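Thank you all for coming; I would like to spend a few minutes on one structure, and I will start with the ligand before turning to the cysteines. Please have a look at it first.

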Amino acid sequence: MTPPTPIRTQVAIVGAGPAGLMLSHLLSSAGIESVAVDLRSRREIEETQRAGILEQGSVDLLVETGVSDRVHRDGYRHGGIELAFGGASHRIDFEGLVGAAAQLYPQTDVFIDLADARARDGADVRFGVTDVGVGDLTSERPVLRFTDAEGVAHEVRADFLVGTDGSRSLCRREVPEQERTQYFREYPFAWFGILAEAPPSAPELIYNHSPRGFALISQRTETLQRMYFQCDPAADVGDWSDDRIWSELQARVGHNGHVLQEGPITSRTVLPFRSFVQEPMHHGRLVLAGDAAHTVPPTGAKGLNLALADVRVLAEELERAVAQRSTEPLATYSERALGRVWKAQHFSYWMTTMLHTLPEATPFDVRRQEGELASLTGSPSGSAYLAEGYTGWPGPR
Ligand code: PHB
């Protein structure tokens, strides 16, 4: 066997989705070299449907760092959302309440912008690699091993290793059990997600609570729409014809006076729901960011936003770590990032449990939930927490 080709860099990044690429971009602006690898091909990542809402701070990050001039042009600014329940629909006016907005701009486009920006800058990003392994995490020179798409084995020696390798993170598993705490929550439902060739049904997103379950009416373009409805986690997409999906969605939103524009359904998937955090977000010279360290249920659209907020802080702390040849900034990163992570965990849990039909709910629980929605929509102070959390809390500290 030929020995692996050695590569020397400052930061080795496992996972070249939006978090890994944004980190590589921020580091390179600070004059720090990195190598990023991903098991998936660029095409596979581009074709995976993910959430579509960016907080104001995420939009600013993409624009200010020169990654995307498309986010304003091709995205849609949403100054609010509709909360529909109890036979009526109520608009939450983000701009009026907190002076901020959300941007409809799909994660796949964020990824494309980042991958293009990194390619343009000549960054070392390798997609479609195999046999990824990391080691020597508590030594001065941690290692990343992988085989590239051409079948050549490499060994990267770096000052620091970053795991931005998603919810099934391989890096996360390298942290010894006694060094970390994992927090979990499972939910007794999932989302059935579809893409439909149809015009938009509303100018903004509709979060719809009904006795038949939750539904979310989102969008993509003038001719393509994204919608979700609460389903059993064991639901089989094969059991759901276009007709069955449309009649279920229409029944749920019709309860609150909305009517959907229908069209051919081109994609259907069941999305599991889980809340998860691993603390701390560092071990030796390894740091975790984004879904590798924490996952949220999709209701608050926080996953990508949280990953971008992580790497914004991480880039600052890695800059200090490299300059000072110290691991102390990694602990500071973990502490700073976890503040926002737990706010987003609460927000996502709260949106989820407020809006879904809970299988074990008693009649008291159901009426209490309606009372919660009424108090939220009934006054500006009730709505302001939702507006602030949805558009994103003030930037990293
Ligand atoms: C989406 O458009 O995919 C989307 C939007 C809002 C959410 C979740 C997903 O809360």
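How far from an oxygen atom of the ligand does a backbone N or O atom of threonine 299 lie? The distance is 2.8 Å, and I should say at once that this is a value computed on a predicted model. Just before it in the chain, proline 298 also places a backbone N or O atom by an oxygen atom of the ligand, in this case at 3.2 Å. With tyrosine 207 it is the side chain that takes part, one of its N or O atoms being 2.7 Å from a ligand oxygen atom. Taken on its own, the ligand has 280 Å² of accessible area, and the protein covers 99% of that.

Stepping back to the whole shell, we find 15 residues surrounding the ligand, with Tyr207, Ser218, Arg220, Tyr228 and Thr299 as the closest. By character, the shell consists of nine nonpolar, three polar and three charged residues. As for where these residues come from, domain 1 (5-78 + 104-183 + 275-351) and domain 2 (187-274 + 358-391) each supply at least three of them.

Now to the cysteines, where a search of the whole structure for disulfides returns zero. Are cysteine 171 and cysteine 231 buried or exposed? Cysteine 171 has a relative accessibility of 1% and therefore counts as buried, the cut-off for that class being under 20%. Cysteine 231, at 9% relative accessibility, is likewise counted as buried, because that value also falls under the 20% limit.

Conventions. Residues are numbered from 1 along each chain as its sequence is written. This is a predicted model: local features need pLDDT of at least 70, side-chain atom pairs count only at pLDDT 80 or more; totals for chains, interfaces and linings use all residues. Side-chain values use heavy atoms; hydrogens and water are left out. A residue is near a molecule or strand if one of its heavy atoms lies within 4 Å of it. A polar contact is a pair of N or O atoms within 3.5 Å; within protein, one must be able to donate a hydrogen and the other to accept it, and residues adjacent in sequence count only if both atoms are side-chain atoms. Accessible areas come from the Shrake-Rupley method with a 1.4 Å probe; for residues, only the protein chains shown count as cover. Ala, Val, Leu, Ile, Met, Phe, Trp, Tyr, Cys and Pro count as nonpolar, Asp, Glu, Lys and Arg as charged, and the others, Gly among them, as polar. Domain bounds come from an automatic or database domain assignment. A disulfide is a pair of cysteine sulfur atoms within 2.5 Å. Buried means under 20% relative accessible area, exposed over 50%, partly exposed in between (1.4 Å probe, protein chains only).
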